[in-house]
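Colleague: Could you take a close look at the interior of this model for me? I would like one connected account of the spaces inside it and of the side chains packed there.

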Amino acid sequence: MHAPVSWLRELADVPADATGEDIAAALVRVGLEEEGLHGGDISGPIVVGRVLSVEPEPQKNGKTINWCTVDVGQHGQQVTEGKPQEIVCGAHNFGVGDLVVCVLPGGVLPGGFEISARKTYGHVSNGMICSQAELGLGDDHSGIIVLTDLLGPEAAAGLKPGDDAIALLDLADEVVEVNVTPDRGYCFSLRGIAREYALSTGAAFHDPAAAPDLLVPQANDHGYAVHLTDDAPIAGRVGCDRYVARVVRGVDVSAASPRWMQKRLTQVGMRPISLAVDVTNYVMMLLGQPLHAFDLDTLSGSVGTRRARAGEKLTTLDDVERLLDPEDLLIVDGADTPLAIAGVMGGATSEVTGTTTNVLIEAAHFDPITVARSSRRHRLTTEASKRFERGVDHAVTAAAAQLAVDLLVVHGGGTPDEGVTDVDLRVAAGPFDFDTTLPTRYIGLEYPRAEVLATLRAIGCEVVEPVGAESGPAGAPSEGTQVAVLPPSWRPDLTDGPELVEEVARVRGYDQIPSVLPQPKAAGRGLTHGQRIRRVIATTLAHQGLVEVLSYPFVAPTLFDRLGLPAADERRAAIRLVNPLSDEAPLMRTSVLDTLLDTLRRNVARGSRDVAVYEIGLVTLAGSEPTSAPVPGIEQRPDHDTLAAILGAVPAQPRHAAYAAAGELERGGPWGPGRQAEAADAVAWALAVGRSVGLDLVVSATDRAPWHPGRCARLALADGTVVGHAGELHPKVTTALELPPRTVAGELDVDVLVAATGTPMDARPLSTYPPAHTDVALVVDEPVPAADVEAALRAGAGESLESVVLFDVYHGEQVGEGRKSLAYRLTFRASDRTLTTDEVSALRDRAVHEAAARTGASQR
């Protein structure tokens, strides 16, 4: 919500020297969030000028510019060179003798845009003749400001060249932008913002809904007919419990809105449109009550409300035909024709147009839940819906309608009907009990009873003390702890004691509450084993040069086909959301790669050719049989059986870690060419993760989508439990997902790694004796995995084997067709002595013999 300081001064006694920053700080003290400060960054010289000459000059590009001289009084060139100001202007809506606004060299326009003399179109332009958009007065770029048209002939008659335009047009006004939280719906108005400022500073507040010149008439039997029906209330709440209708006849809807109104609407972020629309928007911004103006002559004798019928349609003001839902609350006329979606947007059939003369003003109070559901259902968020769904002050409805009527009469020349319709179905709210010691007990500071009661009254609550309570001396407040509190009509969020406690705390100041860290209990300190493992995995992948990212866990049904998953693959059994954020992605991911690969694609598409990313997150796996959870009521806490049933219906959600890379891992330069990411890198990262948690993962070749069949590795524990897969993605997958060729990826089951670790291990003492190295080349059939050969060597060599490293693979005539040679370096080291050559040879021979027995290897 944007709050112009000049407008705020009319509703609260803001000190004359208070700046926008001071006002924002005051609002922050009572719990509002400052979003920013706007305006106040404009500086002179910005003056009134009178056009002396206009010389059109056609250009080669087809554009015609005007070479102008302007009388700017005792400023600019008149002072330095003794001649009128010379300015180039591209607009054509002015002529000789017009009064305009000129910014001279040295002046600064909104946004920090400093003006200087510059050469353009063959002339030196000493400043600029301004439009409304350039001065921040509106969005009109079509032409420059002619002050006679903007201010009117009478107001412009007293102007002379050189007058300060900043003061004339109030250009230095600051605007405070406030982020309105859902429980502060009343702050979606200047009335609410001013009330909060007064609450923070103690300044006097002047309620515009109760202004002395706003005479709100009583309802009578001569008003326009209104009928309210609701055959399907939501949660027992009728869709509309108050509806005020006022008629103004003979309105000149083509009349321009007053300049002050247009400026204020622009300052709060709204575009001036027409008199009727501007009036309703102005009243909404002032009081927080949305209004709607109907063309009275398009209606059929009455208006009312009802729920939509199945299959019913309505074309709204944005020219979109919308299929209505039976939960939608509609405004209808006497012929039962839909006119608007209540609280959201009006319909096109009753819109006020240039031919409208008679206007019906609607001011109503709609149910927040009904409006919120309709707004989301139709994906239609409007200024009205934002206010209704957060709660509108139902007591200000008649005042808002009267203010709109008065403005249409004054600026549109209309005549109001004597009839006033006010259908009021509101149920009077009752007070609730409040213990005045709650703030002290909940917050931990001492809040005296007198301060608590004073705060409640300051925010608008009615406080009633128990009858017969003892009073202190001289009529001082009684010392009982229980009081009855009736919240004000503009605070529907105040429904119980804890919410009042928050009010007491924020009014004194959140900064008064000490920051006290919670102390952990004696047991359970520190991270759990699973948390430690997850941190180690994340740190390890980051150390490998990968960047952590986060992605939404929602995928499209077509993704599985693009990944090349077989029809019977269990990863295709994805959970479908009932209310997805996007209809295009209604499924929960079954693999972190499902969404991580799209993150990789986005980065590559935006110019990052060399990318390596990882993500640790949950996947959702569908069970063999669908389950449904019970839906308990809200009147009490569910019992243990119900909670167990709810948790039992939640699908399995294991945690996975996935990574993907494309482009160069090692950059090229003067030292040599770069190195592209390869399948071996994806496998190496998985092995690094395993080693970081104390596990030696077993690598074997496999075939699993979406990886390349010949470049996919299966990663498992020593007992065969599968941890994950890694390798190079299939070319068809990279094409379907718009990824670079040869993209590599991997995914590991973090829960498996957590379960496989955690058992304390005895540290193995390091041997101080020298190692002994020996190489062996073994010839095996092509299909034999190198990992199987390595495992056999380890088993045969015994405990003295320290490491086995594959350093060469050979294919050729010397080993024969369908055969390959694997060269390994074996490192032996004993813990108690230096191994002799004969001992090393014997250990090597035992390893080779075991490899021959298990894999059919022969020594080359």
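Modeller: A cavity here is a set of grid points where a 1.4 Å probe fits but cannot get out, and its volume is the space filled by probe spheres set on those points. The model is a predicted one, and in it this rule gives two cavities of 30 Å³ or more.

The largest cavity holds about 130 Å³ of space. Its lining is made up of 15 residues, and those nearest its centre are Tyr186, Ser189, Leu287, Gly288 and Asp393. Sorted by class, this lining has five nonpolar, six polar and four charged residues. Helix 7 (residues 190-201) contributes the most to it, with three residues.

The second largest cavity encloses about 40 Å³, and here too helix 7 gives the most to the lining, with three residues. Tyr186, named above among the residues nearest the centre of the largest cavity, also lines this one, together with Arg195, Glu196, Leu199, Ala458, Ile459, Trp490, Arg491 and Arg506. The classes are five nonpolar and four charged, with no polar residue in this lining. Two of these lining residues deserve a closer look, Arg195 and Trp490: the charged end of Arg195 sits over the ring of Trp490, at 3.7 Å from the ring centre. A further arrangement of this kind is found where Arg825 lies over the face of Phe807, 5.5 Å from the centre of the ring.

Pockets, unlike cavities, are open sets of points, and the second largest pocket contains about 870 Å³ of space. It is lined by 28 residues, with His365, His394, Val427, Ala429 and Pro492 lying nearest its centre. Strand 22 (359-366) and helix 10 (368-377) are elements that each supply at least two residues of this lining. By class, the lining divides into 15 nonpolar, six polar and seven charged residues.

From the spaces we can turn to the aromatic side chains, for which a search of the whole structure finds five pairs. One of them joins Trp7 and Tyr282, whose ring centres are 5.2 Å apart and whose planes are 5° apart, a stacked arrangement. Because Trp7 belongs to helix 1 (residues 5-11) and Tyr282 to helix 9 (residues 275-287), this pair ties together parts that are 275 residues apart in sequence. Trp7 has a relative accessible area of 1% and is therefore buried, and Tyr282, at 7%, is buried as well.

Another pair is that of Tyr659 and Trp685: with ring centres 5.6 Å apart and planes at 85°, it counts as edge-to-face, since the angle is over 60 degrees. Tyr659 lies in strand 32 (residues 655-662) and Trp685 in helix 20 (residues 679-692), so the contact links parts that are 26 residues apart in sequence. Both partners meet the cut-off for burial, which is a relative accessible area under 20%, because Tyr659 has 1% and Trp685 has 5%. Returning to the stacked pair, ring pairs link Trp7, Trp260 and Tyr282 into a cluster.

Helix 20, which carries Trp685, can be checked for its length: at 1.5 Å a residue, its 14 residues should span 20 Å, and its end C-alpha atoms are indeed 20 Å apart, so the two values agree. Its buried residues are Ala679, Asp681, Ala682, Val683, Trp685, Ala686, Ala688, Val689 and Gly690. An α-helix has 3.6 residues a turn, so residues three or four places apart point the same way. After helix 20 comes Gly694, which has a positive phi near 85°.

Lastly, some backbone features lie in loops. Most residues other than glycine have a negative phi, and most peptide bonds are trans. Asp170 nevertheless has a positive phi of about 55°; this residue sits in the loop between helix 6 (165-168) and strand 12 (174-179), and its relative accessible area of 35% makes it partly exposed. Asp336 likewise has a positive phi, about 65°, in the loop between strand 19 (329-333) and strand 20 (338-341), and at 28% relative accessibility Asp336 counts as partly exposed. The peptide bond from Ala705 to Pro706 is cis, with omega near 10°, and Pro706 is found in the loop between strand 35 (698-701) and strand 36 (707-716).

Methods: Residues are numbered from 1 along each chain as its sequence is written. This is a predicted model: local features need pLDDT of at least 70, side-chain atom pairs count only at pLDDT 80 or more; totals for chains, interfaces and linings use all residues. Side-chain values use heavy atoms; hydrogens and water are left out. Rings of Phe, Tyr and Trp (its six-membered ring) pair if their centres lie within 6.5 Å; planes under 30 degrees apart count as stacked, over 60 as edge-to-face and the rest as tilted. Helices (H or I, at least four residues) and strands (E, at least two) are DSSP runs, numbered from the N terminus. Buried means under 20% relative accessible area, exposed over 50%, partly exposed in between (1.4 Å probe, protein chains only). A charge sits over a ring if NZ of Lys or CZ of Arg is within 6 Å of the ring centre and within 35 degrees of the ring normal. On a 1 Å grid over the protein atoms alone, a cavity is a set of points where a 1.4 Å probe fits but cannot get out, and a pocket is an open set with protein on both sides within 12 Å along at least five of seven lines; lining residues have an atom within 4 Å of a point. Ala, Val, Leu, Ile, Met, Phe, Trp, Tyr, Cys and Pro count as nonpolar, Asp, Glu, Lys and Arg as charged, and the others, Gly among them, as polar. The expected span of a helix is 1.5 Å times one less than its number of residues.
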